Amino acid sequence: EFQNYEIQVKHKQKLWQRIYSFNGSVIKDSNGQTKMGLLSIRDLTSNKKNESRLHLQAAALNAATHAIMITDLNGELEWLNQAFTKLTGFSAEDAWKLNPRNLICSGEQSNDHYQAIWKAISNNQVWSGELKNQRKDGSVYIEEQTITPVADELGNVHHFVMIKQDISERKRTELIQTTQNDLLQMIASGKPLFKILEALTLAIEKLEPETLISILLLDDDGITLRMGAAPSLPVGYNEKIEGIVIGEGVGSCGTAVWRKAPVIVENIATDPLWNNYRDLAAQFGLQACWSTPIKNLDGSVLGTFAVYFKTPRKPTKKLEEVVSMATHVAAIALSRVREEQNLHQSEQIYYKLFSNMLDGFAHGRMIYQNDQAQDVVMLSVNQAFEQLTGLNNCVGRNITELIPWIKRTTPELFELFGRVAS
């Protein structure tokens, strides 16, 4: 006997090809002599093509970069691809032991949320959305997920196809950009500096939950560091470092300002830069500190942006990107304050010069009508002007109100004002 003996037949001149399966047997008499033979032939061409197509589709799904999982109507796993294992850490063997609904549940979504998803797909509706799920190692990630029901010709759902991708990095980038925009809006709207710096530290701690952020400001004397914002660091620690003088070996921040360069201390317990502050850091459980100078456009140092950890820690590219954004925002905020201080000082100097001049001076704004100068609003006058003219309470009043006859007797004066102003 022989079974399922396959033969491929190709036309000599044409391109078509057929595949046949042969099954054969012989019937013998009592003496063992062959009496007849039976041979059955079956055309497998269509079946083989379907098998090849299914194999190709399975290979394509398995090679897809998006994680794919197929379950039955009860949510029991039937198939998953390699990308699913890469994304979640769960192998097919792991997944078969657990119901997929419990496999990657992070607890970040409510039961009502999952019930709403199940209700939609059970009614043959495609569901798409974002979920926080959990990998095998316990880490939480954000995924974009689509669940598509598979139904028969009568509309009865019998399988579900789930396609998902990790969008954690995209969401992180969006959050960083939103955070930066919000902080810049605070600066543009003139919010107080301490509120901006505090909002900045809290925003970074939200982006990087294991960090404790501190911003120190360089005093006008150029050597003393003052507290800018450190809402999450212990009050006792902040009090001890208030007013430290910069220099080599003055922890991470004092050294960073002194060097005008970032200082990365991965382990405070062993780094010589912390020799004089090691016990203080240990008292409050601080074990690593990275400090970056906050610089003005001219390169001068305005302060430091420090990242503390409660465990020894090496720098990561992700955190370096966040620190870069934070120091940029802090530099803008501090530069704005510096500019306002300089402007205020200039105004004070101008006011003193203006007020103490022996000559009378007045500052006014022209009022026009039909392109002709009609009046002047007094914006500021010095003491000499009021003494020489005998006029009082001039600011905010029109000159024709202060001197009613001036326009009638000296019209050329207004013409002169108009030509000068224009």
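In which strand does S128 lie? In this predicted model, S128 belongs to strand β6, which spans residues 127-134. Setting aside residues up to four places away in sequence, S128 touches Q145 and T146. S128 and T146 are separated by 18 residues in sequence, yet their C-alpha atoms are 4.3 Å apart in space.

Strand β6 also contributes a charged residue, E130, which forms a salt bridge with R170 of helix α6, the closest N and O atoms being 3.9 Å apart. These two partners lie 40 residues apart and thus link distant parts of the chain. R170 is partly exposed, at 38% relative accessibility, and E130 is likewise described as partly exposed, with a relative accessible area of 38%. Through salt bridges that share partners, E130, E144, R170, K171 and E174 are joined into one network.

Across the whole structure, the search finds 14 salt bridges. Side chains of opposite charge can pair when their charged atoms come close. One of the pairs is formed by E169 and K318, with an N to O distance of 2.8 Å; since E169 lies in helix α6 and K318 in helix α11, the pair ties together parts that are 149 residues apart in sequence. Both residues are partly exposed, E169 with a relative accessible area of 39% and K318 with one of 43%. A further salt bridge joins E401 to R397, whose closest N and O atoms are 3.3 Å apart; here E401 is partly exposed at 45% relative accessibility, and R397 is partly exposed at 27%.

In the interior, the largest nonpolar core holds 31 residues, among which L200, I204, I294 and F305 touch the most other members. Two or more residues are given to this core by each of α6, α7, β9, β12, β13 and α11, and the largest share, 11 residues, comes from α11. Apart from neighbours within four places in sequence, L200 is in contact with L183, I215, F305, A326 and A330. A second, separate core comprises 26 residues, including I241, V263, V265 and C289.

Nonpolar residues also occur on the surface, where Y5, I7 and V9 form a patch with about 260 Å² of accessible area together. I7, found in strand β1, is partly exposed, with a relative accessible area of 32%.

Strands β4 and β5 pair in the antiparallel sense over three bridges, with I70 standing opposite W79 in β5. The two strands form a hairpin with four residues between them, and G75 in the turn has a positive phi of about 85 degrees.

Terms used:
Residues are numbered from 1 along each chain as its sequence is written. This is a predicted model: local features need pLDDT of at least 70, side-chain atom pairs count only at pLDDT 80 or more; totals for chains, interfaces and linings use all residues. Side-chain values use heavy atoms; hydrogens and water are left out. A nonpolar core is a set of buried Ala, Val, Leu, Ile, Met, Phe, Trp, Tyr and Cys residues joined through side-chain atoms within 4.5 Å. Buried means under 20% relative accessible area, exposed over 50%, partly exposed in between (1.4 Å probe, protein chains only). Contact means heavy atoms within 4.5 Å. Two strands pair if DSSP finds at least two bridges between them. Patches are made of residues with over 30% relative accessible area and no salt bridge: like charges are joined within 9 Å, nonpolar side chains (Val, Leu, Ile, Met, Phe, Trp, Tyr) within 5 Å. Accessible areas come from the Shrake-Rupley method with a 1.4 Å probe; for residues, only the protein chains shown count as cover. A salt bridge is a side-chain nitrogen of Lys or Arg within 4 Å of a carboxyl oxygen of Asp or Glu.
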